[in-house]
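Biologist: I'm new to this one, so could you walk me through it? Let's have a look first.

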Amino acid sequence: MSRKRALAGVAALCAALSTTLAPAATAQVDGGGWTSYSPSFNEQERGCGQINGLNFTLTCATGSGDQRAERRYATYTGGTRQFEGSFRISSLGGTRISLKQTFQDPTGPFFMLAVERGGRLYAVHGGDTVATGATVGTSVRVNTVHQPGNNHRTYINGSLKNTVSSPGGSFYDKFGAYRTNSGAGPATVVWSGIKFWRK
């Protein structure tokens, strides 16, 4: 075997091994086949909302107007999308604060996960309880899996807790701290471990 052919064989073997041994893009929930990606985002501070890294604070108890501190991610229109992040409420002087939204663009909030004082997590539209135990100081992991035109699923700490039908269209993810129509701050929410996948 010539030196050139031998080197070509080694190169092909290395390429095959690198493909075989490459780490899979594993998601925490909903099986395999996911590809990780990093959508762009911008920050939204309205009213008394303040953002410092992944710390989202409503400094006031104002029960009206636009009081929010959020990250707004890029719009998606197809496929299945998964969001993952963990939040810890470090202070909650108010109540009924939205933590994570899947927003239908430009219609409005499609799914809003909010917290009441005492730690109940609920779906703002309909008021269904999603989980309990989101008390001050407790870390809670949230995964949302969304297939526009099919359904939207919410997992809390790895367990499926809520499923709603979804229309087709354009959507985007938001998280942070956001005063709901019936809520008010002050509140500080610390997020971590933000990841996105698609398939």
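Modeller: Sure, and keep in mind that this is a predicted model. Let's begin with a pair of strands: β7 covers residues 95–105 and runs antiparallel to β8, with seven bridges between them. Within that pairing, the bridge partner of Lys100 in β8 is Leu113.

Biologist: And how many residues does the hairpin use to join β7 to β8?

Modeller: β7 and β8 are antiparallel neighbours. The hairpin gets from β7 to β8 through a link of two residues.

Biologist: Is β8 mostly buried or exposed?

Modeller: β8 spans residues 108–115, eight residues in total. Buried here means under 20% relative accessible area. By that cut-off, the count of buried residues in β8 is seven of eight, so the strand is mostly buried.

Biologist: Which residue takes a positive phi in the hairpin of β8 and β9?

Modeller: β8 also pairs with β9 (residues 121–123), antiparallel over three bridges, and Val115 stands opposite Leu121 there. Five residues lie between the two strands in this hairpin. The one with a positive phi, near 110 degrees, is Gly118.

Biologist: Zooming out, which strands stand at the edges of the sheet?

Modeller: The sheet is open, with seven antiparallel-paired strands in the order β2-β5-β14-β7-β8-β9-β10. Two of them have a single partner strand each, so one side of each is left without a neighbour in the sheet. Those edge strands are β2 (41–46) and β10 (129–131).

Biologist: In β14, which residue does Ala69 stand opposite?

Modeller: β5 (residues 68–73) and β14 (residues 170–184) run antiparallel, joined by five bridges. Opposite Ala69 in β14 stands Ala177.

Terms used. Residues are numbered from 1 along each chain as its sequence is written. This is a predicted model: local features need pLDDT of at least 70, side-chain atom pairs count only at pLDDT 80 or more; totals for chains, interfaces and linings use all residues. Side-chain values use heavy atoms; hydrogens and water are left out. Buried means under 20% relative accessible area, exposed over 50%, partly exposed in between (1.4 Å probe, protein chains only). Helices (H or I, at least four residues) and strands (E, at least two) are DSSP runs, numbered from the N terminus. Two strands pair if DSSP finds at least two bridges between them.
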